[in-house]
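Below are my notes on the model, set out as numbered points. Please read them alongside the coordinates.

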Amino acid sequence: MDVSLAHFLQQVLSNPALTVTTLLTLGVIFVNGWTDAPNAIATCVTTRCMRVRSAVIMAAIFNFLGVFIMTQLNASVASTISNMVDFGGDTNAALIALCAALFSIVVYSVGASLLGIPTSESHSLIAGLSGAAIAIQGGIGGINMGEWVKVLYGLVASLLFGFAVGWLVCKAVTLICAGMDRRRTNGFFTYAQIVGAAAMSFMHGAQDGQKFIGVLFLGMAFCNGQPSVTDVMIPVWLMILCSTIMGVGTSVGGERIIKSVGQDMVKLEKYQGFSADLSSALCLLVMTVLGIPVSTTHTKTSAIMGVGAVRRLSAINFGVVRDMMLTWVFTFPGCGLISFVMAKLFMVVF
């Protein structure tokens, strides 16, 4: 399989389905960097450890590094996304179905936002791929359950693991610093939280960037007449392309999102912000190494709730938990069904 940049550009110019797939994938990556990545550094801004613009620039840089470096070291998440569905042996039809899956993500995201339904781009991507695979294979035989079950692990892990690690880290920090001078610890945690926010941005890129690299890589394979990407190495130029697009998205739209999130979030102290950033980054690192795709926003939010619960259980915002559940309940069947219909339609039209 030829994965050179020159060959890819030639295919993009000659194959409309790959052109649309590439544009949609890069567009979703850009939007992810714009709207999702800033959440990774929101706590750093709300605790006044960094100015908004400086935090956005840092997030853009570390999102880029997260996608690029982690994909080279461990591309397990990209592999999971690429291998979780089977589009069959007809690679032309498979590429059309993949295009339909990405288009359905856009349709669902717009519709859900108009209806006020919480969404997750990560979950929409997984649901879209699954719906298209079922459509083209005519049944659930298009789903690789050995890989798809990792998604179920991710749903549980993003909530329970994030909360538990957030609580443990914050509790440990509280006990260690119990007898220390508050002014000195605040000075330390100002810098420590900047490091934590950088780590969180890095891991956001590692998780979300890999998901979309996996999709684009799958499209390349279909164009080469290859039904899967098993044992094929992801090219460096693809890592650079996706990481750059995500970094640009963060730098362009991150500032406004940060201000909006910062005003709506529960006020945290510096040590709490550090605990939330560190614990969520650790959770994402474990999930990435294991190849389990998770929602970075849900993981970070769960960690924040765990941190807040150290002081009192009433700090847990069950409204946020409800939104997470609604995301799961609506996104998987909703986006999956739209993708199924779109794939059927696209295969008839094209």
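1. At 1% relative accessibility, cysteine 242 counts as buried, where buried means under 20% relative accessible area, exposed over 50%, and partly exposed in between, with a 1.4 Å probe and protein chains only. Its sulfur lies 16 Å from the closest cysteine sulfur, that of cysteine 223, which is too far for a bond.

2. This is a predicted model, in which local features need pLDDT of at least 70 and side-chain atom pairs count only at pLDDT 80 or more, while totals for chains, interfaces and linings use all residues. Residues are numbered from 1 along each chain as its sequence is written, and side-chain values use heavy atoms, with hydrogens and water left out.

3. Cysteine 44 is also buried, with a relative accessible area of 0%, and the cysteine sulfur closest to its own, in cysteine 49, is 5.0 Å away, too far for a bond. With a disulfide taken as a pair of cysteine sulfur atoms within 2.5 Å, the count comes to 0 disulfides.

4. The largest nonpolar core (buried Ala, Val, Leu, Ile, Met, Phe, Trp, Tyr and Cys residues joined through side-chain atoms within 4.5 Å) has 67 residues, and those with the most contacts inside it are Phe87, Leu98, Leu129 and Leu238. Helix H6 (residues 91-115) supplies the largest share of this core, 13 residues; helices here are DSSP runs of H or I with at least four residues, numbered from the N terminus. Apart from this core lies another, of 14 residues, among them Val165, Cys170, Phe189 and Ala276.

5. Leaving aside neighbours within four places in sequence, leucine 238 is in contact (heavy atoms within 4.5 Å) with Ile213, Leu216, Phe217 and Met220.

6. For the 32 residues of helix H13 (residues 318-349), 1.5 Å a residue gives an expected span of 46 Å, and the end C-alpha atoms are 45 Å apart, which agrees; the expected span is 1.5 Å times one less than the number of residues. A kink of about 30 degrees nevertheless lies at threonine 331, shortly before proline 333, the bend being the angle between axes fitted to the seven residues ending there and the seven starting there. Thr331 is one of the buried residues of H13, which also include Trp328, Phe332 and Cys335.

7. Serine 295, in the loop between helix H11 (270-289) and helix H12 (296-309), is buried at 5% relative accessibility. Not counting residues up to four places away in sequence, serine 295 touches Ser120, Ser122, His123, Ser158 and Lys211.

Note on methods. Helices (H or I, at least four residues) and strands (E, at least two) are DSSP runs, numbered from the N terminus.
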